[in-house]
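The following note is offered to accompany the model shown below. Its points begin with a local site and then widen to the whole chain.

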Amino acid sequence: MGIVDRLKVFLAKGANVALAPAPDPRVTHLTTHQKQRALLNQVIKAGDQVTAAKDRLKAAVDAVRAKLPAMEEAARSELRSGHEAAARLALQRRQVVVGELETLERQLAEVEKEESVLAMIEQRLSGQIEAFAARQEVIKARYSAAEAQVRINEAMTGVSEDFADLTAALHRAEQTTEDMQARATAIDRLVQEGDLESIGFAAGSDAIDARYQSLGADDEVERRLNALKALD
């Protein structure tokens, strides 16, 4: 394949791409909206799971914190009884529980922060989806209006062509009618002058055409003669 042939193929492909119908934005935007809605549902589900985890951690923190006063009171009781070793052991156990409580509190704080972030994401995403839905309605309305306008223009183009054909047909009919009227007038003149032998009723009769032309010449002679008389 030569360079010119390859260039023709390339241009043909480019023209096909340029003339290819554009995707319907109503369908495209609907798919995007569905994806956004699915993402929002995932965020809501994750938020519910985080909230449930927060509630469990909070319950665990409250339960562990409730143990501390009793453990401290147990150590005091051992000291009052003179059991210093037992009191020290009770305090060591309490310290372990305090460490566990601190870990739970850190986890609770992280979960609460994550819950707050998810809530903010959900709120923002909900607003974007609402705004997108509003814009989508506008796009759908504008695209439908443009589509209707294209169809109307196409229909009007066809009607214009029909009108053009009809106008041409009427023009031909008018011309034919004028020709027939002229022939009828010529025949009437021949009848009035008694020149019946020159009358032929076949369409395009040479005798009628010649007589019709001679009548036109006679009319011109008469007009010039009258003009000369007027000068005298």
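1. Glu 115 is a residue of helix H3. In this predicted model, Glu 115 has a relative accessibility of 19% and therefore counts as buried, since the cut-off for that class is under 20%. The assignment should be quoted together with its value of 19%.

2. Which residues does Glu 115 touch once its neighbours within four places in sequence are left aside? The contacts of Glu 115 are then with Val 50, Thr 51 and Lys 54. Helix H2 covers residues 25-80, and helix H3 covers residues 84-193.

3. Val 117 also belongs to helix H3. With 36% relative accessibility, Val 117 is classed as partly exposed, whereas Glu 115 is classed as buried. The C-alpha atoms of Val 117 and Gly 47 lie 9.1 Å from each other, although 70 residues separate the two in sequence.

4. Met 120 is a further residue of helix H3. Its relative accessibility is 46%, so Met 120 counts as partly exposed; the exposed class would require over 50%.

5. Where do Val 117 and Met 120 appear together with Ile 121? These three residues make up a nonpolar patch on the surface, and their combined accessible area is about 240 Å². For the protein as a whole, the accessible surface amounts to about 17,600 Å², with 58% of it belonging to carbon and sulfur atoms.

6. Turning to the overall fold, the protein has four helices and zero strands. Read from the N terminus, the order of the elements is α-α-α-α. Of the contacts with a separation of 6 or more, 71% are between residues 24 or more positions apart. The protein has 232 residues, of which 16% count as buried; Glu 115, at 19% relative accessibility, is classed as buried.

7. Confidence deserves a separate remark. The mean pLDDT of the protein is 75, with 66% of the residues at 70 or more. Among the elements, helix H2 (residues 25-80) has the highest mean pLDDT, at 84, and helix H1 (residues 3-19) the lowest, at 50. Where pLDDT is low, predicted coordinates should not be interpreted in detail. A description of the model would usefully report the mean pLDDT of 50 for helix H1 beside the value of 84 for helix H2.

Notes: Residues are numbered from 1 along each chain as its sequence is written. This is a predicted model: local features need pLDDT of at least 70, side-chain atom pairs count only at pLDDT 80 or more; totals for chains, interfaces and linings use all residues. Side-chain values use heavy atoms; hydrogens and water are left out. Helices (H or I, at least four residues) and strands (E, at least two) are DSSP runs, numbered from the N terminus. Buried means under 20% relative accessible area, exposed over 50%, partly exposed in between (1.4 Å probe, protein chains only). pLDDT is the predictor's confidence in each residue, from 0 to 100. Patches are made of residues with over 30% relative accessible area and no salt bridge: like charges are joined within 9 Å, nonpolar side chains (Val, Leu, Ile, Met, Phe, Trp, Tyr) within 5 Å. Accessible areas come from the Shrake-Rupley method with a 1.4 Å probe; for residues, only the protein chains shown count as cover. A salt bridge is a side-chain nitrogen of Lys or Arg within 4 Å of a carboxyl oxygen of Asp or Glu. Contact means heavy atoms within 4.5 Å.
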